[in-house]
Each structure stands twice: as C-alpha cells, then as structure tokens.
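These are my notebook entries, kept in the order in which I looked things up. I wanted to follow how the chains sit together before turning to the DNA and to single residues.

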2 protein chains.
Amino acid sequence: MKDVAARAGVALKTVSRVVNREAGVTPETTTRVLGAIEELGFRRNESARLLRTGKTATIGFISDNWGDREHAALGRGIEEVSRERGFLIFAGSTDSDPEREEQLALSLCARRVDGLIVVPTPGDHEYLISEIEAGITTVFALRPPSHVTADAALVDEEGAARMAVAHLAAHGHRRIGYLGGDHFGYRSGELLRGYRAAMASAGFPADEAWTSLTPRNLVDSTVTAVLCGSREHTALALRSLAAAPNARRVAVVGFGDFELADYLTPGVTVVTYDSAEIGRAAAELLFGRLDGYHGPPRRVYVKARLVQRGAAEISPARA
Amino acid sequence: MKDVAARAGVALKTVSRVVNREAGVTPETTTRVLGAIEELGFRRNESARLLRTGKTATIGFISDNWGDREHAALGRGIEEVSRERGFLIFAGSTDSDPEREEQLALSLCARRVDGLIVVPTPGDHEYLISEIEAGITTVFALRPPSHVTADAALVDEEGAARMAVAHLAAHGHRRIGYLGGDHFGYRSGELLRGYRAAMASAGFPADEAWTSLTPRNLVDSTVTAVLCGSREHTALALRSLAAAPNARRVAVVGFGDFELADYLTPGVTVVTYDSAEIGRAAAELLFGRLDGYHGPPRRVYVKARLVQRGAAEISPARA
DNA sequence: CTGAAAGCGCTTACAG
DNA sequence: CTGAAAGCGCTTACAG
C-alpha cells in the first residue's frame, strides 16, 4: 500500500480511500491510484485491516469429525448463512476428544474469531467461559454443552422417537422395541426418553428387555417392530433380519436417512431431518448475537420427519 | 500485552519473551509476568503476531460442496496433515460455480493464507496465476486445473476402470458396458478412457452403444455386465435391474463405495478409494512446497481397489 | 479533496 | 538479563 502511494504520488490515506471506495477523491486521483494498484499487483492484506478494525469476519466450526456426513452437512449449513455476511469459516475436528476440543477452540480464539460453533465433546466446557466473557460468541450444535450456558441448535430427538412409535402404532404394532446401543449419550438418551414417553402415553407395555435389544437377539425377541437409534443400528438390524429370512418379519423404523435407502427390499421407514438446517440454525443464533441480541440463552430444535424408503410398505403387526 | 507489561512492571519485550518461552528471563521476572497474564486473562492475539511474522499458518480449502461426502473426507484428510503442523483450515464451497470459486479464492488470498487446496470448477483458473506468483502455494485436488500448472492430487480413474473390466473378464464377461452419463467431465472421461483401453487390450468387442447405456435401456441391452461411473449410476442401475426381476442378470461393478452397500442382495462389486487419502496427498504436496521444494509440478494418483459388497457373488456370464 | 500522525497487538533488531 | 525504538499493513481521528 505504501508502494502504491509512492507510485501514485499520493499519501497512504488516499490509497486507503480508493481501496475502500470512500467518497471524496477526484476521478483523476482515483485513476492514478488504480493504475498504480494494477501495475504493482497490489492486494489489500485483509488480516492487517481486520487487526486495526478489531473484527476478523471469521467464525470457527468445531465438530467431532469433519469427514462425517452429518457434520459436513452442518458445516455446509453454517457456510450458507455466513457467506451472505462475508464471513469465512475455520473448520476443525475433535475426534470426540475433549482435550483436542479445548486445544482447537483456544487456538481459534487466539486468532480472534468473532464466533464459535461447536459440536461439544463429552468433556466439560468450563474452559470456554473466560473466552465467552472475553467476547467470543459461542453457539453449540447437535448436543448441549455442560457447565456452560449458551445458545444451542439441536435436533428434536424426543419428538422423532414419538413420531416413530406413533407410526408403528398406526400399523397395529404394540410390542415395539428400541435398538440403540449406548443409552448414555445425549442424543440416544433423548431418543430413548421419547420412545418411553410415547409407549407410556399409548398405554403399551414397555418390557425393559425391549430397550436393550441387540442385532443378534432382535430376531428371537418378542417385539414385532423396532426403532433403531442410529443409521448403524438400522443397518445392523436390517442385515440380521435379512440373514434369518425364515424368521418372522420385524418392522423397522430407523433414526437417520442413508444413501440408497430407496433401493432396499423390503423398504424401511426412517425418521430423519435436514442436517444442514442445524448448521443454518446455529449460524443464525450466532449472527443474532453478533448483531447485538443480548437476551438469555436460546435453544432451537430442528424437527424430524417420517420418510418411507424403498418400495415395500411397512409390515403390519400380525394379529 | 501492554497492560500485562505495565502490571508486571516490565517492558513489552519481556512479556513477549515470556509468552514465547524465550531463554534469558529470570525466574522471578517470569513469575511476575505470568502472574499479570493470569490476573488480566491475557491471551496473545495470534493474528497480530502473524501479521508481523508474515505467515498465517493457515490454508484454504475450496471444494464443490463442503456437505458432499467425498469433499468432506478430503477436508478431513487435509486436516490430519495440517494439524501436525499447527495449521488451521479455512473451508468454503463453490457449488461448481467458477465465479464463486474466484471470489472465494481471492478473499482467501486477501487473508494471506499460506496455501490453497482447490477442487477446481469447470472454469479456467488464470486468475490464480498472479496469486501463485505472489506466493500463495496452490495445489489442486480431484481434478486438474485448466490454464495453470500446479501440483495436483488425483484419483486413478483410468486404473480403476481397467481393474473393473479385468474383474468382469475374469468372471467370463466379454460384453461389458459403461453407464456413466456425461462423458465430458474430467473424471468420467478418465474412467471411460480406462474402460476403452481395457476392452481394447482384452480384445473384446466394444460396441459404441455400450458406452451410452442408460438405466432404462440397460435391461434390454446386449451387455452381460456393466461398469457404472458414479455412485448415483450404480444406484440407478441396481434399482432398474431389481425392478425387472424376470430379466436376465447383469453383473454390476460400481465406481465409488456407498453406505450400507454390504446389505444389498444381490451384492455389488465396487472399485473404490480412500477419499481422505486424496486430501492427505494434496496437503503433503502443499507442505512440501512450503518446506522449500521448488521443482516442476507434480501429480499424485491415489489408486482404487476392488471391493465385494454384500453376500452374493458377482453373477457369471452365461455361456 | 488530500495528508501527516498515531495506533491495532505483536515481533525484530539492536542497545545497554 | 532487560528495554526503547521501529515496523508488519492497514485504519482512525484530526488537520489543512
């Protein structure tokens, strides 16, 4: 910029004015400066500008695993909202390691990102408190944080489970199980809570064994239908049912959509949601704060919907 | 930092020394400075440091769509290599729009990223030449750029197609088709080239109609086997074959693996590769340059491998 | 309409 | 072992 000023025979400030399209520069001067910029191939150093300004127009996105499709979709959603604002996004994975999360978050804060969107690891997030106080707006996504209050964009897992149970009930099923592996994570916990609530309010028996199904014992269990807590569980359930073709049919509703689901025979019903929507919601929460909103922490829930995949109808419960 | 210096009663430089763990500061001074840092909740502004240093320890990753699973895996691979170096990653999507690519790349350059990894859009990339000359190391991934010479990390599509044809030939197939939609993109072009070369060198007839198969006419064509050029085509082929169960069997080899492929009946063979590997390769190329390598542009090809998905064997050609 | 000075938060090069 | 000055590339606040 100094070189440009020298070349054009003007002061630094005038170059700055031209670059920023500020009013009050004669056309001749402007032309001269623009010429010098062209000749020297000058490009303003955005980082320097931002240092002076105090903003970075940057947000950090921390998730379990960038390569995971749900997290990738989240990032995409965040980007869609950020792009309109001219914000750039730093992305990083924690591999669900709290230590790695802290390390990443802190180095992002050291770069003075304007905001942080984080899919929290199981660890606690107290280390973020001082950063948040120091002005780094933080929003959580997919899971709420522990020991910190902040905005969060979540999936309505509980509603999804209720919807699944209601759907199976409408097909005559009463002996509905839940195949979900670990029940302690936040998301599977919510799902299970929804399942239990729906079973109770429908007045269905809720055998405790039905919530500890495994792909192996599913075929020999007494359930006629099962809600699977993740795409992986859905796959395992379908595979184990297919491997025992002579066994009775068990209706499957999976939580989470997957590629080529439409090709399956028999088909499968899934409760699913738009992952990018969570990212957009999180970004909206974040920008709302950056725009000056100062109220108490908010939670946005993205609703799930029911989708029938594949040609076959869900198998009805036998009388 | 100024405040910390005042609080500790030392000069700015001394604080800098402590923060950077430089040798030659008495333990007492160090303690005093550390105390002030603690009290004031001081965090070094990395951006300011980097402005002075001239580096940003940042690389930009531009792809078609962050949410796409292949590109997400690429980003993950880049991150794995970058993390060790302490580099942070800016990510952005182009939606295959050349204009958006240029806009993104330029704003990344304005932030003075140390390097750029880009999955190029169909447009030309001349606009990057001045940036590259200005010192922004650029590496391309998945597709080579046009009008620019630079390092690139690619997939060996040609080899993948050869492998697929060889596999089908080993099962007795000679009338092998190619279902790939548009033949003009770089990647499908490479695939087609490999297919043609393999057919020719095996001495198989290569009916031109076999390279313009569609999911609809596949069933009525004269091929006994087909190589599908993308996951989408594989899905379409499988669906259309399944929809005509009385039609003769056509063996399918797909390019690209997909979720739950193992569950399919009959199974499917895919030629696939590790997408993250491309990201890692691109990052290695980039860091090689940042470390001072100055040779001519290089191309790294990630090899594909053949994987049998699902229980069923590939159907043999009828005599 | 244009410019000289000070400063963003840090480091570099040099003294003491 | 410690510090005062200059500077990274830009903008802000104030003069002229």
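**Entry 1, the axis.** I began with the rotation axis and asked which residue of chain A comes closest to it. In this predicted model, that residue is A:F90, whose C-alpha atom lies at 2.2 Å from the axis. I then looked up how well the copies match, and found that a turn of 180° with a shift of 0.0 Å along the axis lays chain A on chain B with an RMSD of 0.1 Å. I therefore noted that the two copies are related as by a two-fold rotation axis. Both copies use the same surface, since 100% of the contact residues of chain A recur in chain B.

**Entry 2, where the chains touch.** How many residues of chain A are in contact with chain B? I found 41 residues of chain A in contact with 41 residues of chain B. On the side of chain A that touches chain B, the elements supplying at least two residues each are α4, α5 (69-85), β2 (88-93), α6 (98-110) and α11 (231-243). Sorting that side by class, I wrote down 19 nonpolar, 12 polar and 10 charged residues.

**Entry 3, chain A by itself.** I next looked up the make-up of chain A, which has 12 helices and 11 strands. Its domain assignment gives domain 1 (2-44), domain 2 (54-154 + 275-301) and domain 3 (157-272), so I took care to note that domain 2 is written as two stretches of the chain. Between the centres of domain 2 of chain A and domain 3 of chain A, taken over C-alpha atoms, there are 32 Å. For the overall form, I noted that the C-alpha trace of chain A spans about 90 × 40 × 30 Å along its principal axes. The radius of gyration of chain A is 26 Å, whereas a compact globule of 319 residues would have one near 20 Å. Of the 319 residues of chain A, 45% count as buried. Among the contacts in chain A with a separation of 6 or more, 68% come from residues 24 or more positions apart.

**Entry 4, DNA strand C.** Turning to the DNA, I counted 23 residues around strand C, the closest being A:A11, A:T29, B:M1, B:S16 and B:N45. Two or more residues of this surface come from each of α2 (12-19) and α4 (46-53) of chain A and from α2 (12-19) and α4 (46-53) of chain B. Which element gives the most to the surface near DNA strand C? I found that α4(B) does, with 5 residues. By class, this surface has 9 nonpolar, 8 polar and 6 charged residues.

**Entry 5, DNA strand D.** Around DNA strand D I found 24 residues, of which A:M1, A:S16, A:N45, B:A11 and B:T29 come nearest. Here α4(A) gives the most, with 5 residues, and the classes are 10 nonpolar, 8 polar and 6 charged.

**Entry 6, one residue of chain B.** Last, I looked up B:S212, which is found in the loop between α9 (186-202) and α10 (215-218) of chain B. Is B:S212 buried, exposed or partly exposed? B:S212 counts as partly exposed because it has 15 C-beta neighbours inside 10 Å, and 20 or more would be needed for buried. I also noted that B:S212 and B:L179 are 33 residues apart in sequence, yet their C-alpha atoms are 6.5 Å apart in space.

Methods:
Residues are numbered from 1 along each chain as its sequence is written. Chains are lettered from A and ligands numbered from 1 in the order in which they are written. This is a predicted model: local features need pLDDT of at least 70, side-chain atom pairs count only at pLDDT 80 or more; totals for chains, interfaces and linings use all residues. A residue is near a molecule or strand if its C-beta atom, placed from the backbone, lies within 6 Å of it. Helices (H or I, at least four residues) and strands (E, at least two) are DSSP runs, numbered from the N terminus. Ala, Val, Leu, Ile, Met, Phe, Trp, Tyr, Cys and Pro count as nonpolar, Asp, Glu, Lys and Arg as charged, and the others, Gly among them, as polar. The radius of gyration is taken over C-alpha atoms; the globule rule is 2.2 Å times the number of residues to the power 0.38. A residue is buried if 20 or more other C-beta atoms lie within 10 Å of its own, exposed if 12 or fewer, and partly exposed in between; C-beta atoms are placed from the backbone. Two residues are in contact if their C-beta atoms, placed from the backbone, lie within 7 Å. Copies are superposed by least squares on the C-alpha atoms of residues with pLDDT of at least 70 in both.
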